[in-house]
Amino acid sequence: MKRYVSELIGTMVLVLFGCGSAAIAGQMLGTVGIALAFGLSIVAMAYVIGDISGCHINPAVSIGMWIDGRLETKDLLAYIVFQCIGAIIGIALLAVIINSAPSLGGYMATGLGQNGFGSASSVGLGAVGAIVVEIILTFVFVFTVLGVTKKAENATVAGIVMGLTYAFVHIMGIPLTGTSVNPARSLAPALFLGGQALQQVWVFILAPVVGAVIAGLVYKGLTSEDA
């Protein structure tokens with residue numbers, strides 16, 4: 001249970017600070033600033049809960065770990081449930097904060113860092129493009145996480161590598177889809193906002209899962225003794 005609660009807390013922090021930076025200060029921070037907010041959240045949590053749960057705080061990472069044989073099926077399901085709960089709590093806290101600042105106009109006006117395509121994309125990226133982008137970005141991130149966490153001697157730098165990788169995939173992805181790479185992070189704001197965000201969230205659940213599966217299979221294939 002300590003592992004599951006750690007995943008809940010970690011995902012809550014990631015979503016609150018990452019999505020919060022996009023919703024509240026996106027205009028001031030810009031793409032790089034928002035990307036760093038997401039990445040630094042990973043760094044912080046990795047060094048706090050990494051020894052407890054592995055700091056997945058993302059269903060896609062948990063799926064990759066499961067495929068590589070580092071996570072049991074029962075733990076995979078529990079991790080995903082607690083990650084989603086943590087994301088929902090993080091977005092709920094963000095909504096309360098935004099609604100407590102009258103000048104922001106409420107979270108329906110600011111948004112909650114939701115993902116989107118078509119008219120919800122800064123560059124008008126279509127659904128097919130969004131799926132391709134999210135698969136690629138998730139593959140890169142999960143593939144990196146699997147590699148850097150494989151050896152115990154990498155423990156001191158793993159959090160930094162994971163955080164920087166998360167930041168750099170956001171730099172490319174934010175103008176395109178807002179960058180999901182994390183189904184829990186996408187589901188939570190969509191549930192609160194409804195409408196277009198909820199209608200489109202299937203892309204940001206499906207594509208990261210596909211990207212994670214590909215990353216897990218490729219990494220396992222490359223590192224297997226029979227390879």
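Which helices each supply at least two residues of the nonpolar patch? Helix 1 and helix 6 (155-173) do, and the close-ups below, taken from a predicted model, start from there.

**View A. A nonpolar patch on the surface, built from helix 1 and helix 6.** Here you can pick out Val32, Leu36, Leu40, Phe168 and Ile171, which together form a nonpolar patch on the surface. Their joint accessible area comes to about 470 Å². Helix 1 makes the largest contribution to the patch, with three residues. Leucine 36 is a handy place to begin, as this member of the patch is found in helix 1.

**View B. Helix 1 packed with helix 6.** Stay with the two helices of the first view and look at how they meet. Their axes are 8 Å apart, and the packing angle is about 155 degrees. Angles over 145 degrees count as roughly antiparallel, so helix 1 is roughly antiparallel to helix 6. The crossing of this pair is right-handed.

**View C. Helix 1 packed with helix 3.** Now follow helix 1 (residues 2-53) to its contact with helix 3 (residues 73-99). The axes of these two helices lie 13 Å apart, at an angle of about 40 degrees. Helix 1 and helix 3 are therefore oblique to each other, and their crossing is right-handed. Sorted by class, the residues in this contact are 20 nonpolar, six polar and four charged.

**View D. A salt bridge between arginine 3 and aspartate 75.** Zoom in on the side chains of this pair and you will find the closest N and O atoms 3.3 Å apart. Arginine 3 belongs to helix 1 and aspartate 75 to helix 3, so the pair ties together parts that are 72 residues apart in sequence. For the wider picture, the model has a count of five salt bridges.

Methods. Residues are numbered from 1 along each chain as its sequence is written. This is a predicted model: local features need pLDDT of at least 70, side-chain atom pairs count only at pLDDT 80 or more; totals for chains, interfaces and linings use all residues. Side-chain values use heavy atoms; hydrogens and water are left out. Axes are lines fitted to C-alpha atoms, for helices over the stretch in contact, and angles run from 0 to 180 degrees between N-to-C directions. Helices (H or I, at least four residues) and strands (E, at least two) are DSSP runs, numbered from the N terminus. Angles under 35 degrees count as roughly parallel, over 145 as roughly antiparallel, 65 to 115 as roughly perpendicular and the rest as oblique. A crossing is left-handed if the near helix is turned anticlockwise from the far one by less than a right angle, and right-handed if clockwise. Ala, Val, Leu, Ile, Met, Phe, Trp, Tyr, Cys and Pro count as nonpolar, Asp, Glu, Lys and Arg as charged, and the others, Gly among them, as polar. Patches are made of residues with over 30% relative accessible area and no salt bridge: like charges are joined within 9 Å, nonpolar side chains (Val, Leu, Ile, Met, Phe, Trp, Tyr) within 5 Å. Accessible areas come from the Shrake-Rupley method with a 1.4 Å probe; for residues, only the protein chains shown count as cover. A salt bridge is a side-chain nitrogen of Lys or Arg within 4 Å of a carboxyl oxygen of Asp or Glu.
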